[in-house]
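Visitor: I am new here, and I would like a guided look around. Could you show me what we will be talking about?

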Amino acid sequence: MIYVADRFRRGRSALLAGLLAAACMAPLGAPANAQTDLPARQDVFLAGYISAVLERDFALPADAVIVRDGVVYLREEAIGGKSSAEITRAIQKLKGVKNVAVLPAGGTPGTGPTAAAAQPIMADPQQRPAAEGVPVATAPAAAQETVILPPGKPLFNALLADPRWAHFSASYQYYMDDQDVEHAGSTSFGETFSLLRGPAPYGGSWELGFQAGVFAVFDLNSESKDLINADYWVGIPITYRRDAFSAMARVYHQSSHLGDEFILRENITTGDRVNLSYEAVDLLLSYEFTEEFRLYGGGGFMFHTEPSDLAPWSTQVGFEVTPDMTLFDGLAKPIFAADLQHREENDWSTDMSLRGGVEFTNPVFGGRRIMLLLEYYSGRNPNGQFYDRRLEYVGLGAHIFY
């Protein structure tokens, strides 16, 4: 805890230093034409902002980056033994960055019209021109070596509308026409962790990870807010990414358990319960057409189930839209996601999950995505013990994706 707090204070200090430098630069030696000096002031602000993020997330020194006309030069000697690919990926996600270049030891940033005219980062980084005389890393850059516990986010991005994607959340849900629950509280605890990452064919990267999560639902109408159901989920994903394309194959287990309070109040006996438990494999493909639009899809197969007669096949498709705009003076941006699943067990009927709202943006959050989302679900009940019922609900929830 002390270490985390210290990293937070150092990252905040570096950001404040960047802001202070930008503020001080304006009155000192300002030219007659203030517009002429505007790009320079923006570079100073951006350099302080990036330095704060890199110091907090990668423990890099404040002078690890140089910014010229929106082009970020990453000093190779300041990186040390850390992965330049991961650092480059983190920089390229920051707003205001036109391009990223790795600056060799002793090199100087490219200046003049070539660097000034650098194009914005595109979905296909191979189309992006390099700053004159300096190689530009691709986005997201391929790993150059195998790294244990690599920094940064996993290669396969979270599925924002998937009801069973492991992450941290708390939601209020209004169940429509359910025989047991009307006002429900839903929580989830879990995340995806990167264990190994290395170079892969065709200029991509591979990653071995670990996923785990707990999903619980509570009856808010009851006197003691009875626990209705809890699902325990754990998986091992293997991921491949090349530029905007990513794929994830995984094997996972889920077990489901009724809450003790619910069992007591309903006088449920062992013979009345369905102990849903299964192991499965799935494959998901994802493509980020732009920074604003992502499409994904895939399918799965359950190879061990309880009850044993569950039909094994399933499919999943979805999309996510993040418009290039901000709200509340840049503190948030709108976001919308849809996830559609079909299961052989339910005669391929549609389980539809829709989420939309705002994602809060702040450099202090680092790689975390913090969202306040309206929710709508219609389909098979995702709470394991009730899988044979249909459910429809609307809700409002806070979601955190690391």
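**A walk through the model**

Guide: Let's begin with one residue: Val251 sits in strand β9, which covers residues 245-258. Please keep in mind that this is a predicted model.

Visitor: Is Val251 buried or exposed, or partly exposed?
Guide: Buried would require under 20% relative accessible area, and exposed would require over 50%. Val251 has a relative accessible area of 38%, so it counts as partly exposed.

Visitor: Which nonpolar surface patch includes Val251, and what is its area?
Guide: Val251 shares the patch with Ile148, Leu149, Phe193, Leu195, Phe210, Val234, Ile236, Val281 and Phe303. Two elements, β6 (183-200) and β8 (227-242), each give two or more residues to this patch. Together the patch residues make a nonpolar surface of about 860 Å².

Visitor: Stepping back, how many helices and strands are in the protein chain?
Guide: The protein chain has 402 residues, and 47% of them count as buried. Its accessible surface comes to about 19300 Å², with 61% belonging to carbon and sulfur atoms. As for the elements, the chain holds six helices and 16 strands.

Visitor: What share of the contacts with a separation of 6 or more joins residues 24 or more positions apart?
Guide: A contact here means heavy atoms within 4.5 Å. Among contacts in the protein chain with a separation of 6 or more, the share from residues 24 or more positions apart is 60%.

Visitor: Why is helix α4 described as largely enclosed by the rest of the structure?
Guide: Helix α4 spans residues 84-92. Its buried residues are Ala85, Glu86, Ile87, Thr88, Arg89, Ala90, Ile91 and Gln92. The helix is largely enclosed because the buried residues number eight of the nine.

Visitor: Which element gives the largest share of the largest nonpolar core?
Guide: This core has 21 residues, and Ile50, Leu54, Ile87, Ile91 and Val97 touch the most other members. At least two residues each come from α2 (38-58), β1 (65-68), β2 (71-75), α3 (76-79) and α4. The largest share, seven residues, is supplied by α2.

Visitor: Leaving aside neighbours within four places in sequence, which residues are in contact with Ile91?
Guide: Ile91 is one of the buried residues of α4, and it is also among the core members that touch the most others. Beyond those sequence neighbours, its contacts are Ile50, Leu54, Val65, Val72, Leu74, Val97 and Val100.

Visitor: How many bridges join β13 to β14?
Guide: Strand β13 (residues 332-343) runs antiparallel to β12 (residues 313-321), with eight bridges joining them; here Ser314 stands opposite Arg343. β13 also runs antiparallel to β14 (residues 350-360), where Leu354 is the bridge partner of Ala338. The number of bridges joining β13 to β14 is eleven.

Visitor: Which residue takes a positive phi in the hairpin of β13 and β14?
Guide: Six residues lie between the two strands of this hairpin. The residue with a positive phi, near 55°, is Asp347.

Visitor: How far apart are the C-alpha atoms of Met352 and Asp162?
Guide: Met352 is found in strand β14 and is partly exposed, with a relative accessible area of 28%. Not counting residues up to four places away in sequence, Met352 touches Asp339, Leu340, Tyr376, Tyr377 and Ser378. Met352 and Asp162 are 190 residues apart along the chain, and their C-alpha atoms are separated by 9.2 Å.

Key:
Residues are numbered from 1 along each chain as its sequence is written. This is a predicted model: local features need pLDDT of at least 70, side-chain atom pairs count only at pLDDT 80 or more; totals for chains, interfaces and linings use all residues. Side-chain values use heavy atoms; hydrogens and water are left out. Two strands pair if DSSP finds at least two bridges between them. Helices (H or I, at least four residues) and strands (E, at least two) are DSSP runs, numbered from the N terminus. Patches are made of residues with over 30% relative accessible area and no salt bridge: like charges are joined within 9 Å, nonpolar side chains (Val, Leu, Ile, Met, Phe, Trp, Tyr) within 5 Å. Accessible areas come from the Shrake-Rupley method with a 1.4 Å probe; for residues, only the protein chains shown count as cover. A salt bridge is a side-chain nitrogen of Lys or Arg within 4 Å of a carboxyl oxygen of Asp or Glu. Buried means under 20% relative accessible area, exposed over 50%, partly exposed in between (1.4 Å probe, protein chains only). A nonpolar core is a set of buried Ala, Val, Leu, Ile, Met, Phe, Trp, Tyr and Cys residues joined through side-chain atoms within 4.5 Å.
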